[in-house]
Amino acid sequence: MALSLSVVLMLGIILVVLIRQKAIKAGPAFVAILFGFFLASTGMAPSINRFLNSIANTINHISF
């Protein structure tokens, strides 16, 4: 839960920054948000979630 919330927060901040810097207009940003919303309700959502969790676990296990 904490991981998904932080990813959503990070992506939201990136989206706001892109809109403010006029790197992306509001229309394409809205389409991207809708795409993500509808993608979350498809059968691909669990696979995407597992993939992101595996990347987070891999990063977590890196020792410096």
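I take a helix here as a DSSP run of H or I with at least four residues, and I number the elements from the N terminus.

**Overall fold.** Keeping in mind that this is a predicted model, I first looked up the order of the elements, and from the N terminus on I read α-α-α. The chain holds three helices and zero strands.

**Confidence.** I then checked how far the prediction can be trusted along the chain, and found a mean pLDDT of 85, with 92% of the residues reaching 70 or more. Among the elements, helix 3 has the highest mean pLDDT, at 88, whereas helix 1 has the lowest, at 79. I note for my own reading that predicted coordinates should not be read in detail where pLDDT is low.

**Dimensions and surface.** I looked up the radius of gyration and noted 14 Å for the chain, where a compact globule of 64 residues would have a value near 11 Å. Along the principal axes, the C-alpha atoms fill a box of roughly 40 × 35 × 15 Å. I also asked myself what share of the residues is buried. Buried residues make up 3% of the 64 in the chain. The exposed surface of the chain comes to about 5600 Å², and carbon and sulfur atoms supply 75% of that area.

**Nonpolar patch.** Next I went through the surface for nonpolar side chains and noted a patch of about 880 Å², made by Met 44, Ile 48, Phe 51, Leu 52, Ile 55, Ile 59, Ile 62 and Phe 64. I picked out Phe 51 from this patch, and I placed Phe 51 in helix 3, which spans residues 45–60. Is Phe 51 buried or exposed? Its relative accessibility is 51%, and because the cut-off for exposed is over 50%, Phe 51 counts as exposed.

**Lys 22.** In the backbone I noted Lys 22, a residue other than glycine whose phi is positive, near 60 degrees. I located Lys 22 in the loop between helix 1 (2–20) and helix 2 (26–39). With a relative accessible area of 67%, Lys 22 is exposed.

**Aromatic rings.** Finally I looked for paired rings, and the count came to one aromatic pair. The partners are Phe 37 and Phe 38, with ring centres 5.3 Å apart and planes at 75 degrees, so I entered the pair as edge-to-face; the angle for that class has to be over 60 degrees. I checked both partners for exposure as well: Phe 37 is exposed at a relative accessible area of 58%, and Phe 38 is exposed at 52%.

Methods:
Residues are numbered from 1 along each chain as its sequence is written. This is a predicted model: local features need pLDDT of at least 70, side-chain atom pairs count only at pLDDT 80 or more; totals for chains, interfaces and linings use all residues. Side-chain values use heavy atoms; hydrogens and water are left out. Helices (H or I, at least four residues) and strands (E, at least two) are DSSP runs, numbered from the N terminus. The radius of gyration is taken over C-alpha atoms; the globule rule is 2.2 Å times the number of residues to the power 0.38. Buried means under 20% relative accessible area, exposed over 50%, partly exposed in between (1.4 Å probe, protein chains only). Accessible areas come from the Shrake-Rupley method with a 1.4 Å probe; for residues, only the protein chains shown count as cover. Patches are made of residues with over 30% relative accessible area and no salt bridge: like charges are joined within 9 Å, nonpolar side chains (Val, Leu, Ile, Met, Phe, Trp, Tyr) within 5 Å. A salt bridge is a side-chain nitrogen of Lys or Arg within 4 Å of a carboxyl oxygen of Asp or Glu. pLDDT is the predictor's confidence in each residue, from 0 to 100. Rings of Phe, Tyr and Trp (its six-membered ring) pair if their centres lie within 6.5 Å; planes under 30 degrees apart count as stacked, over 60 as edge-to-face and the rest as tilted.
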